[in-house]
Amino acid sequence: IALTKTVGLGAAACDGADSLEVAAGTEVTYCYRVTNTGNVTLTRHTLEDSALGALLTDAEQELAPGATATITESVVITAAVTNTATWTAFNPGPSDVATATDSATVTILREPAVALTKTVGTEAGSCADASEISVARGTAVVYCYTVANTGNVPLAFHDLTDSELGPLLDGLAFDLAPGATTSVLHTATLTATTINTATWTAYNEGPADVVTATALATVTVLEPEIDGTPAECTGLASPDAPVTRT
């Protein structure tokens, strides 16, 4: 016997190739096609896939010389995989045992991505929970920029720019693995209400896999309250003197 294993999407699997690149979470279909290349009819079939397990176990089907048989199996791909199928055909006994193998490879598309969260507070060395606060004029506030690698590609270099505070990181070398997060703190003393947007850019050498994310925070600076009640008028200097109010 001879075995051909291909992989594709849906009904096109049997017209596919032995390799495919897809996004994580994609459902692919493997197609297993066996051909009786001998001169003996074979009536029992077992198919084992190294990643998917047993797909056939002593299945009954008459496979005459020159005939072919096909089965398919679908699975959701979450990581790159190369799996080998082994088809065993035989007659009861067992006798006339014949085997064939073939493999297929599915790889995951590179999908770099980051998400940025920007918060602001007044506690030194700490990331706050809010993105909007109100403070008195001259208060030192602490901005916290937290980036998460939401893609499937490690990112090695990082730039961070704030629309009001300027560049905060420039080509920082830091390995940010998929699913990982990291934070940067920056303290500023504000004298006016400030709404500023941060842009985080992560990438690999080249540059390659360049991705960006933005987030903003608002700090409202409260003006000092002024007492509008006039002071007491203590009297007149003389009947004809001008009145001065303080």
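Let me begin with a detail: the torsion about the S-S bond of Cys14 and Cys31 is about 95 degrees, so this disulfide is right-handed. The two cysteines belong to distant parts of the chain, since Cys14 sits in the loop between β1 (2-8) and β2 (19-22) while Cys31 sits in strand β3 (residues 26-35), and they are 17 residues apart. Their sulfur atoms are 2.0 Å apart. Please keep in mind throughout that what we are looking at is a predicted model.

How buried or exposed are the two ends of that bond, Cys14 and Cys31? Cys14 has a relative accessible area of 22%, and because buried means under 20%, Cys14 is classed as partly exposed. Cys31, with a relative accessible area of 1%, is buried.

The structure holds 2 disulfides in total, and I should remind newcomers that a disulfide is a covalent bond between the sulfur atoms of two cysteines. The other one joins Cys127 and Cys144, whose sulfur atoms are 2.0 Å apart. Cys127 is found in the loop between β9 (114-121) and β10 (132-136), and Cys144 in strand β11 (residues 140-149), so this pair ties together parts that are 17 residues apart in sequence. The link of Cys127 and Cys144 has 65 degrees about the S-S bond and is right-handed. As for the surroundings, Cys127 is partly exposed at 36% relative accessibility, whereas Cys144 is buried, with a relative accessible area of 1%. If we number the bonded cysteines of the chain in sequence order, the pairing reads 1-2, 3-4.

Let me now step back to the chain as a whole. How many helices and how many strands does the chain have? The chain has 0 helices and 16 strands. Along its principal axes, the C-alpha trace spans about 135 × 35 × 30 Å. The radius of gyration of the chain is 35 Å, where a compact globule of 246 residues would have one near 18 Å. Of the 246 residues in the chain, 34% are buried. The accessible surface of the chain comes to about 13,400 Å², and carbon and sulfur atoms account for 51% of that surface. If we take the contacts in the chain between residues at least 6 apart in sequence, 64% of them join residues at least 24 apart.

That brings me to the interior. In soluble globular proteins, nonpolar side chains tend to be buried together. Here, the largest nonpolar core has 25 residues, and the members that touch the most others are Leu116, Val141, Tyr143, Trp200 and Val219. Which strands supply at least two residues each to this core? They are β9, β10, β11, β12 (155-162), β13 (166-176), β14 (181-189), β15 (194-204) and β16 (208-222). Of these, β16 gives the most, with 6 residues. Apart from this core lies another, of 22 residues, and among its members are Ile1, Leu42, Ala69 and Ile108.

I would also like to show you one position in some detail, namely Thr197, which lies in strand β15. Thr197 is partly exposed, with a relative accessible area of 31%. Leaving aside residues up to four places away in sequence, what does Thr197 touch? Thr197 touches Lys118, Thr161, Asp162, Ser163, Thr214, Ala215 and Leu216. Thr197 and Ala217 are 20 residues apart along the chain, and their C-alpha atoms are separated by 6.7 Å.

Finally, a word on the aromatic rings, for which a search of the whole structure finds 3 pairs. One of these is the tilted pair of Tyr30 and Tyr32, with 6.5 Å centre to centre and 40 degrees between the planes. Both partners are covered: Tyr30 is buried at a relative accessible area of 1%, and Tyr32 counts as buried at 0%. Another is the stacked pair of Phe157 and Tyr203, with 5.9 Å centre to centre and 25 degrees between the planes. Phe157 lies in strand β12 and Tyr203 in strand β15, so this pair ties together parts that are 46 residues apart in sequence. Phe157 counts as partly exposed at 25% relative accessibility, while Tyr203, with a relative accessible area of 16%, is buried.

Key: Residues are numbered from 1 along each chain as its sequence is written. This is a predicted model: local features need pLDDT of at least 70, side-chain atom pairs count only at pLDDT 80 or more; totals for chains, interfaces and linings use all residues. Side-chain values use heavy atoms; hydrogens and water are left out. A disulfide is a pair of cysteine sulfur atoms within 2.5 Å. Helices (H or I, at least four residues) and strands (E, at least two) are DSSP runs, numbered from the N terminus. Buried means under 20% relative accessible area, exposed over 50%, partly exposed in between (1.4 Å probe, protein chains only). A nonpolar core is a set of buried Ala, Val, Leu, Ile, Met, Phe, Trp, Tyr and Cys residues joined through side-chain atoms within 4.5 Å. The radius of gyration is taken over C-alpha atoms; the globule rule is 2.2 Å times the number of residues to the power 0.38. Contact means heavy atoms within 4.5 Å. Accessible areas come from the Shrake-Rupley method with a 1.4 Å probe; for residues, only the protein chains shown count as cover. Rings of Phe, Tyr and Trp (its six-membered ring) pair if their centres lie within 6.5 Å; planes under 30 degrees apart count as stacked, over 60 as edge-to-face and the rest as tilted.
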